[in-house]
Amino acid sequence: MTDIPTGVVTRGEPVEMLLNMGPQHPSTHGVFRMVLWVDGEKVTDVEPHIGYLHRGSEKLCEGEQFHQVITLFDRMDYLANFNNELVYCAAVEKLMGLTVPERAEYVRVILCELNRIASHLLFVATMGLDAGAMTPSMICFRGRERVQSLFEAVSGARMMHNYFRIGGLKEDLPDNFEEMVGELMPLLQADIEEADKLLTFNEIFLARLKGVAAISVEDALDFGLTGPCLRACGVDYDLRKADPYSVYDRFEFNVPTGLDGDCWDRHFVRVQEMYESMKIVEQALVQMPKGNVTSSLGRRLPRPPKGEVYVRAENPRGEIGVYLVCDGTDKPYRLKVRPPSFCNLSAIKHLLKDTWIADTVVVLGSLDIVLGEVDR
Amino acid sequence: MSLPIPLLSVSLITFFWIVAGLLAMFTALSVVVLSLTWLERKLLGRLQRRLGPTRTGPMGLMQPVADALKLILKEDIVPTSSEKAIFWIAPVLVVVPAFMIWVTIPGTENLVLKNLGDLGLFYIIAFSVVGILGLVLAGWGSANKYGTLGGLRAAAQLISYEIPVIMVVIAVAMLAQSLNMVEIVEKQGSYPYVLVFPLGLVIFFIAGLAEVGRTPFDIYFAESEIVGGPFVEYSGAHWSVFFLAEYINTFAVAALTVLLFLGGWSGPFLTGNWEIIWFLAKVYAVILVIFWIRGTFPRLRIDQLMAFAWKVMVPLSFYAIIITAVYLFYGWPPWTLTLMSLAGLLVVGYAIYRRFAGPASQAAQVRARYQALQSRSGQ
């Protein structure tokens with residue numbers, strides 16, 4: 001080989017190698033791409049690249065009627081579909097001044113919390129895979145599959161549900177819903193506990209994650225981290241408590257927090273959140289009233305008045321915000337989403353400074369990004 | 001001068017028998033590899049409450065055959081920017097030593113291709129190091145950065161863990177007063193060495209896991225980080241050769257564990273060459289433990305791996321040699337060595353582990369802190 005090997009660049013004294021990770025890398029959780037400057041096994045700098053999954057969702061929303069936008073929200077954070085539907089519907093309802101039937105609110109909360117569990121189960125699965133453990137992923141996927149079977153029974157689809165409507169729901173729950181959830185909960189509890197016991201306090205897992213990519217509270221707030229990533233730093237901030245929406249103020253649950261803000265804390269907080277979500281589901285099932293769930297709009301197209309509204313909610317990945325501008329037609333004039341994954345991902349450069357190559361996948365996994373939401 | 005293999009004075013008949021023997025070994029090892037892949041898939045499946053392969057043949061028994069066929073029929077891609085000669089020679093360099101080791105590993109007293117006598121253990125250790133070269137060349141020759149990283153990781157890891165392996169093997173050779181595999185097993189007639197020298201078994205097994213790159217030491221082909229390491233550019237038959245070598249090496253580590261510590265083929269009820277059943281049963285038991293570990297643990301990081309090698313395994317293996325030497329010099333009864341081994345395992349192992357590797361104490365610390373946190377938030 002006569003020519004200089006490509007990709008070896010000199011920045012200052014040590015010879016660094018440019019390592020392109022993604023978008024086809026198995027551990028970048030989709031089509032995220034990082035360019036790493038590595039000095040041996042140490043990462044000295046990182047340059048994130050996003051946009052490989054950009055579908056122009058926000059622009060597409062402007063061309064769809066208000067009901068049709070729900071399907072687009074399903075496809076943003078495709079691991080937390082119900083949560084995404086909820087925040088969009090809440091935004092339009094707030095603008096129109098619609099009140100949602102009591103029962104519909106409870107159904108929404110139950111489905112959202114189950115979706116949170118499913119999403120966090122997938123997080124634990126990929127966290128284990130990133131750290132090299134394969135068994136927890138199987139356990140978690142089994143649990144997630146159980147939740148998704150329930151979703152299928154409710155909405156007809158495993159993932160892209162399109163079940164919430166502006167002002168209510170598409171239809172009432174199936175008759176045996178409570179029995180199904182009653183059967184699901186102990187199984188789900190067992191799955192979560194099994195994965196938790198296998199992974200969380202495993203010595204090797206701790207060695208890989210504890211103290212890796214810790215972020216201080218100030219930095220976390222500066223980067224706009226929300227959700228479990230912020231709570232891992234010890235900040236007790238959860239919109240379900242801090243700014244209750246829907247009927248979240250009627251349930252008793254804790255907001256788990258971490259201590260050090262490192263990868264392990266982010267994992268730990270999510271595992272604890274699953275137990276808390278189960279508490280909420282159980283309470284909601286007891287409190288859920290009978291009655292109508294469909295919208296007072298009936299079959300009419302929603303046509304909100306001229307105006308703008310910002311609504312936020314606690315997604316599994318953090319705080320999602322929807323800024324909606326209406327001009328009085330049956331389509332949104334402008335719709336802007338503040339995606340939690342995108343804001344959390346912005347800290348990656350800060351987090352990955354002076355880590356190991358092996359840590360990059362773990363840190364990225366601990367942020368729990370969904371590229372569909374990052375790129376939109 | 002009597003060479004172990006008088007190469008220049010081989011008659012045609014002997015030559016024929018050598019070739020036939022090598023072919024038989026090759027076939028037997030291939031069958032073993034097929035059985036191991038099936039066993040691994042099934043066992044991992046059961047650990048994860050899955051069924052594992054079921055569709056190909058009864059209980060999925062033909063799955064390894066289907067896999068092998070698929071791999072051979074696949075297109076063999078050679079990257080254009082790769083160093084062709086190195087790229088082609090690397091799999092050979094990995095797989096040939098893997099087979100060569102088995103020339104002198106005995107199944108029973110007589111069931112061995114060529115008993116190299118006092119060269120046996122030395123030969124095995126010497127050839128087990130050669131495979132590293134193939135991995136480094138594979139990583140470098142494929143002109144892929146992930147491959148290069150993997151190759152260099154492999155070099156660092158395998159050379160580091162070679163030291164504890166050699167040290168423990170020396171200690172066992174001192175106990176048996178021989179490097180002859182058959183003799184080492186015969187010396188364990190009254191009791192297997194695991195009873196007098198458990199420290200050796202632990203060191204050898206852990207270092208052996210690292211040698212063959214099984215979880216938690218699968219650093220150099222870590223799928224989630226460097227996507228297969230040295231093998232990243234290999235496909236089809238070439239990749240299957242690496243795969244073959246990996247499983248043969250795993251089998252060799254298990255076999256050596258059995259031969260050096262678990263009494264080899266000795267066992268009740270069976271005599272003569274039937275003792276191979278005992279040997280295989282023990283080897284497969286060790287293999288199952290290796291697969292079990294794979295189904296349970298995450299992967300270490302490269303710095304932790306090296307720290308564990310140089311700060312824990314190497315000092316422990318030196319300690320193993322010292323206690324063996326003391327035991328032999330003073331001619332103490334065997335149980336003293338057991339005591340010293342166990343004491344070493346407990347005291348030195350725990351102390352070094354706590355001091356340098358740290359995760360155990362960290363786990364306890366973290367657990368305590370979080371329990372305190374939870375009890376606070378629960379109130």
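**Chains A and B: folds and contacts**

The secondary structure of chain A in this predicted model comes to 15 helices and ten strands.

Colleague: How does the radius of gyration of chain A compare with what the globule rule gives for 376 residues?

Modeller: For 376 residues the globule rule gives 21 Å. The value for chain A is close to that, so chain A is as compact as a globular protein of that length. Its radius of gyration is 21 Å.

Colleague: What percentage of the residues of chain A count as buried?

Modeller: A residue is buried if 20 or more other C-beta atoms lie within 10 Å of its own. Of the 376 residues of chain A, the part that meets this cut-off is 54%.

Colleague: Where do the domains of chain A lie in the sequence, and how far apart are their C-alpha centres?

Modeller: The domain assignment gives domain 1 (8-49) and domain 2 (57-375) of chain A. Between the C-alpha centres of these two domains the distance is 30 Å.

Colleague: Which element gives the most to the side of domain 1 of chain A that touches domain 2 of chain A?

Modeller: The contact between the domains takes 15 residues from domain 1 of chain A and 16 residues from domain 2 of chain A. On the domain 1 side, strand S3 (33-39) and strand S4 (42-49) of chain A each supply at least two residues. With four residues, the element that gives the most is S4(A).

Colleague: Which element gives the most residues to the side of chain A that touches chain B?

Modeller: In the contact between the chains, 31 residues of chain A meet 33 residues of chain B. Elements giving two or more residues to the chain A side include strand S2 (15-21), helix H4 (102-131) and helix H7 (203-209) of chain A. The one that gives the most, with six residues, is H7(A).

Colleague: How many nonpolar, polar and charged residues does that side of chain A have?

Modeller: The classes are counted on the side of chain A that touches chain B. There are five charged residues, eight polar residues and, for the nonpolar class, 18.

Colleague: Are H4(B) and H5(B) roughly parallel or roughly antiparallel to each other?

Modeller: The axes of helix H4 (residues 120-141) and helix H5 (residues 145-176) of chain B come within 8 Å and cross at roughly 175 degrees. The residues of this contact divide into 16 nonpolar, five polar and one charged. Angles over 145 degrees count as roughly antiparallel. H4(B) and H5(B) are therefore roughly antiparallel.

Methods
Residues numbered from 1 in each chain as written. Chains lettered and ligands numbered in written order. Predicted model: local features only at pLDDT ≥ 70, side-chain atom pairs only at ≥ 80, totals over all residues. Contact = placed C-beta atoms within 7 Å. Nonpolar A, V, L, I, M, F, W, Y, C, P; charged D, E, K, R; others polar. Domains from an automatic or database assignment. Axes fitted to C-alpha atoms, helices over the stretch in contact; angles between N-to-C directions. Parallel < 35°, antiparallel > 145°, perpendicular 65-115°, else oblique. Rg over C-alpha atoms; globule rule 2.2 N^0.38 Å. Buried ≥ 20, exposed ≤ 12 C-beta atoms within 10 Å, placed from the backbone.
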